[in-house]
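Here is a short set of exercises to work through with the model open beside you. Try each task on your own before reading its solution.

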Amino acid sequence: MASICIVGAGSIGCYLGGRLLAAGADVTLVGRARIGDELRAHGLTLTDYRSGRWQVAAADVRYVTEPDAAATADLVLVTVKSAATPSVAEALKPVLRAGAVVVSFQNGLGNADVLRAALPQHTVLAGMVPFNVMQPAPGAFHQGTGGELEVAASPALQPFLEDFRRAGLPLMERTDMAAVQWAKLLLNLNNAINALANRPLKEELSQRAYRRCLALAQTEALRLLARAGIQPAKLTPVPPTWIPRLLATPDAVFARLGGKMLAIDPLARSSMSDDLAAGRATEVDWINGEVVRLAEGLGQRAPVNTQLCALVHAAETANTRPSWSGNDLLAALRGAT
Ligand SMILES: NC(=O)c1ccc[n+]([C@@H]2O[C@H](COP(=O)([O-])OP(=O)(O)OC[C@H]3O[C@@H](n4cnc5c(N)ncnc54)[C@H](OP(=O)(O)O)[C@@H]3O)[C@@H](O)[C@H]2O)c1
């Protein structure tokens, strides 16, 4: 049986690892002591938006804090936030055995490249998690939205495909992973808006003023992508270039036409919102910051995404967490252009 190691077992890592474990895969989770303690006390409970429920007893969860555990892995899934990728890459370098395959299931564009640069002897693949995972209680992880895991196509994945299929998380292999990552990043531009709004995603996206903020950020990114000759993949029923127009429609029209975007668990928030709540640094520089870097490379500006980066950084260091209204945030973004 293939041995799978999850490095950075937080929301995504515990959910993916837990679903694989529940389906009988050989999984080791590497993460922080705090989460390890929770899993030792409560085991793992995985739920999803379709009322799916899977349980793994504490005794059946192998959770450690040191990356040495990856030494026997055939497959390593990296699920840390982007800022931690360089240190994980360095930690894995002396540990991984020859032939081990590494998949980055992280947001942003460059995490697989960071891992590949440190691990040149290994097959390192970019992956994409389309759904939202939150932790409603210690040891409990809930998938709030739908979608399939996507990963750069490679023959090296063959030994693991059955484990993921059996877990109900089939790997969809893609030959256009950069286009997939840009399309996910366009959707993730909402993470900063959701974090600044300090409201559940469903409530935020139900309000036109917040959706207009997202439309501004996406329109700016789409203009730059077109200039750079990059065509984002179609991950949603509507092509990426139509989404800003859909977002800007009145609430009643959006509820009818964009219903799928509102098919979110009522309590789910973006992981950037959770980071602000926990006083952690966010991934904004790896999401909105990628749009700013794309603009710089083209000799252009990206004022809306620059402003979103600045507002999230200000919130990271503020004494009290801001809760921007849609209209105030829209004015702040329009004022930056
Ligand atoms: N959550 C979602 O809904 C979601 C959805 C799609 C994609 N994603 C993406 O998936 C990635 C992971 O997100 P997440 O929400 O699962 O993050 P998370 O809950 O913060 O989990 C990452 C965990 O890794 C730990 N960690 C950091 N460095 C480590 C190291 N060297 N060794 C072991 N553990 C380490 C972190 O601890 P510390 O906090 O102490 O650093 C944290 O507990 C991100 O790129 C995110 O954008 C998330």
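**Exercise 1. Classify Glu203 as buried, partly exposed or exposed, and find its place in the fold.**

Solution. Start with the surface: Glu203 has a relative accessible area of 36%. Buried means under 20% and exposed means over 50%, so Glu203 is partly exposed. Keep in mind that this is a predicted model. Next, find the element: Glu203 sits in helix 7. Finally, look across the chain: Arg269 is 66 residues away from Glu203 in sequence, yet their C-alpha atoms are separated by 9.6 Å.

**Exercise 2. Find which residues are closest to the ligand, and describe its surroundings.**

Solution. Begin with the shell, where 24 residues surround the ligand. The closest are Ile12, Arg32, Asn107, Val133 and Glu283. Then sort the shell by character: 10 of its residues are nonpolar, nine are polar and five are charged.

Now turn to polar atoms. The side chain of Asn107 places an N or O atom 2.8 Å from an oxygen atom of the ligand. For Ser11, a polar backbone atom is 3.0 Å from a ligand oxygen. Lys81 has a polar side-chain atom 3.3 Å from an oxygen atom of the ligand. To finish, consider the covered surface: the ligand taken alone exposes 890 Å², and the protein buries 85% of that.

**Exercise 3. Identify the residues that touch the most other members of the largest nonpolar core.**

Solution. The largest nonpolar core holds 65 residues, and Leu44 and Val76 touch the most other members. Helix 1 (residues 11-22) supplies the largest share of this core, with six residues.

Follow Leu44 outward next. Setting aside residues up to four places away in sequence, Leu44 touches Cys14, Gly18, Leu21, Leu29, Leu39, Trp54, Gln55, Val56, Val61, Gly139 and Phe141. Another core lies apart from the largest one; this other core has 48 residues, including Tyr210, Ile264, Val284 and Cys309.

**Exercise 4. Decide whether Asp275 is buried or exposed, then list what it touches.**

Solution. Locate the residue first: Asp275 belongs to helix 11 (residues 271-277). Its relative accessible area is 1%, so Asp275 is buried. Beyond neighbours up to four places away in sequence, Asp275 touches Lys81, Arg280, Ala281 and Thr282. Lys81 is worth recalling from Exercise 2, where a polar atom of its side chain lies 3.3 Å from a ligand oxygen. As a last step, check a distance: Asp275 and Arg256 are 19 residues apart along the chain, and their C-alpha atoms are separated by 32 Å.

**Exercise 5. Classify Ser3 and Asn305 as buried or exposed, and find their contacts.**

Solution. Take Ser3, which is in strand 1 (residues 3-7). With a relative accessible area of 12%, Ser3 is buried. Apart from its neighbours within four places in sequence, Ser3 is in contact with Asp26, Thr72, Ala73, Asp74 and Leu75.

Then take Asn305, found in helix 13 (residues 303-317). Its relative accessibility is 0%, so Asn305 counts as buried. With neighbours within four places in sequence left out, Asn305 is in contact with Leu189, Ala217, Glu220, Asn288, Val291 and Val292.

**Exercise 6. Give the phi values of Ser51 and Asn198, and place both residues.**

Solution. Ser51 has a positive phi of about 70 degrees although it is not a glycine. The loop between strand 3 (44-48) and strand 4 (53-56) contains Ser51. At 67% relative accessible area, Ser51 is exposed.

For Asn198, also not a glycine, phi is positive and near 55 degrees. Asn198 lies in the loop between helix 6 (177-197) and helix 7 (201-205). A relative accessible area of 23% makes Asn198 partly exposed.

**Exercise 7. Place Ala248 and name the residues it contacts.**

Solution. Ala248 is in the loop between helix 9 (243-247) and helix 10 (251-257). With 26% relative accessibility, Ala248 counts as partly exposed. Leaving out neighbours within four places in sequence, Ala248 is in contact with Arg208 and Arg212. Its C-alpha atom is 29 Å from that of Gly297, 49 residues apart from Ala248 in sequence.

Notes: Residues numbered from 1 in each chain as written. Predicted model: local features only at pLDDT ≥ 70, side-chain atom pairs only at ≥ 80, totals over all residues. Heavy atoms only, no water. Near = heavy atom within 4 Å. Polar contact = N/O pair within 3.5 Å; in protein donor to acceptor, adjacent residues only side chain to side chain. Areas by Shrake-Rupley, 256 points an atom, 1.4 Å probe, with all protein chains shown as cover. Nonpolar A, V, L, I, M, F, W, Y, C, P; charged D, E, K, R; others polar. Core = buried A, V, L, I, M, F, W, Y, C linked by side-chain atoms within 4.5 Å. Buried < 20%, exposed > 50% of the residue type's maximum accessible area, 1.4 Å probe, protein only. Helix = DSSP H or I, 4+ residues; strand = E, 2+ residues; numbered from the N terminus. Contact = heavy atoms within 4.5 Å.
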